[in-house]
Amino acid sequence: MEDNTPASFVDQLVVPGDVVLDLSKMGNQTIKLGGGLHQDCDAITVTKAGRLRFSKPNKYWVESSQKRYVPCVEDTVLGIVVDSKADNFLVDIKGPALAFLPVLAFEGGTRRNIPKFEAGTLLYVRVVKANTGMNPELSCTDASGKAAEFGPLKDGYMFESSTGLSRMLLSSPTCPVLEALGKKLSFEIAVGLNGRVWVNASSPSTVILVANAIMNSESLSVVQQKIMVDKLLQRIQ
Amino acid sequence: MQEREEAEELVTPGEVLGKGSQLKAGRGAYFLPQNGTVYASLTGRRSLIPPSPLSSDQRPTVEVTGHSAHGAIPEPGSIVIARVTKVMARMASADIMCVGPKSVREKFTGIIRQQDVRATEIDKVDMHSSFRPGDIVRALVLSLGDARAYFLSTAKNELGVVSAESAAGATMVPMSWTEMQCPLTGQIEQRKVAKVGGQA
């Protein structure tokens, strides 16, 4: 019953303690371990419950969905400004520590045109540095220094979701919920990988409908999502 | 080295040590002109120091040595061993444990600023690849610093991380002045490593 080939665990649900790979049986390859996996001499054990994923040529990781976010470099997240200090804004990104957003990390940012964010402002930002034990560092520009949609989000409605739902909303091809909603309604949406979603539309009923549809769609399959969206849309039309 | 042999009494702050006409106030004691009496200002043992024969004032000096007075105190220029407690973007803070060969009796905090980590390319220093919380570092005290912490420097070959634990929990082996390797997993982690050992 025990099949020790690594292919058997890929795309399966794994729980902490499962030994998914045995390096001594794998030959001389370099394997890259992502989140949720831990190396114990020759055995690779799982430390987070989720699905084991594999991507060619040699990357393994565990995909899990939680409410709490662990900051990673190059993630785009939605943060809420908590405080502003001389050099940084303190931003809450649902992680273990508050993140710092340098005051100059904006396109064309100089000491003379520092933006003024009040406590409670919602920002779409990118994580630049995320080391364990240190506060993460954010930026409102992309890698080349352009603004690229980062910055404060005005109006709209923000709600929280799990990290797994955020990843599903951002997957390509487009997530079925968003595709079905986009055919009938027009709205603006920003998804943060830290489990926050922001929706804006011209009328409040559209906003509420989109938010409810997304919140309901987490555990539904593709077909079920389309049916759910159709039912919701019938109610208002 | 037994202090009990000297049969000195324990005094507390505010206790009368003697009259100002007979005693001079030394360290840990003070003289109140209104009363003409010498009081203690620390908790500890009092000791009398005889006057030097050359001075005109022939009163002995009374001193009170507190419990932490015989511990070491970091002075600018001394080499200290410290444990890193927090690493931030531009500095790392550390708990000073030993000054030279002696351990300290009370808590001293030191800060290693980004520009004091190494001697070359000081503006490109990444604090996270120089220190991690829990590392033991050998550092030089630059100055008394501000009210919160001493300023420390590791900008020499023989200063830096002396002992560090890897993410897997094993004590790492130094490989070069920038890298240490974990013996259990083989992973290489970056630190500012001190050059330990004799001439070679």
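Contact, as the word is used in these legends, means heavy atoms within 4.5 Å. The structure shown is a predicted model.

**View 1. Surroundings of Ser166(A) in helix H1 of chain A.** Ser166(A), which is found in helix H1 of chain A, is buried, with a relative accessible area of 0%. Leaving aside residues up to four places away in sequence, Ser166(A) touches Ser161(A), Val191(A), Gly192(A), Leu193(A), Gly195(A) and Arg196(A).

**View 2. The crossing of helices H2 and H3 of chain A.** The axes of helix H2 (residues 176-184) of chain A and helix H3 (residues 204-216) of chain A come within 10 Å and cross at roughly 155°. Since angles over 145 degrees count as roughly antiparallel, H2(A) and H3(A) are therefore roughly antiparallel to each other. The crossing of these two helices, H2(A) and H3(A), is right-handed. On the side of H2(A) the contact is made by Val177(A), Leu178(A) and Leu181(A), and on the side of H3(A) by Leu209(A), Val210(A), Ala213(A) and Ile214(A). Sorted by class, the residues in the contact of H2(A) with H3(A) are seven nonpolar, no polar and no charged. An α-helix has 3.6 residues a turn, so residues three or four places apart point the same way.

**View 3. The buried residues of H2(A) and the elements against which they pack.** Pro176(A), Val177(A), Leu178(A), Ala180(A) and Leu181(A) are the buried residues of H2(A). These buried residues pack against helix H1 (163-170), strand S15 (188-192), H3 and helix H4 (222-236) of chain A.

**View 4. Two spans annotated in UniProt, one in chain A and one in chain B.** For residues 156-204 of chain A, an unreviewed UniProt entry lists "domain: K Homology"; in the model this span is 37% helix and 29% strand, and its end C-alpha atoms lie 9 Å apart. For residues 10-47 of chain B, the UniProt annotation, likewise from an unreviewed entry, is "domain: Exosome complex component N-terminal"; here the chain is 0% helix and 53% strand, with the end C-alpha atoms 10 Å apart.

**View 5. Chain A as the setting of the close-up views.** Chain A has four helices and 16 strands, and its C-alpha atoms fill a box of roughly 60 × 50 × 25 Å, taken along the principal axes. Of the 237 residues of chain A, 40% count as buried. Among contacts in chain A between residues at least 6 apart in sequence, 61% join residues at least 24 apart.

Note on methods
Residues numbered from 1 in each chain as written. Chains lettered and ligands numbered in written order. Predicted model: local features only at pLDDT ≥ 70, side-chain atom pairs only at ≥ 80, totals over all residues. Heavy atoms only, no water. UniProt positions renumbered as here; feature names shortened; annotations may be inferred. Axes fitted to C-alpha atoms, helices over the stretch in contact; angles between N-to-C directions. Parallel < 35°, antiparallel > 145°, perpendicular 65-115°, else oblique. Left-handed = near helix turned anticlockwise from the far one by under 90°. Nonpolar A, V, L, I, M, F, W, Y, C, P; charged D, E, K, R; others polar. Buried < 20%, exposed > 50% of the residue type's maximum accessible area, 1.4 Å probe, protein only.
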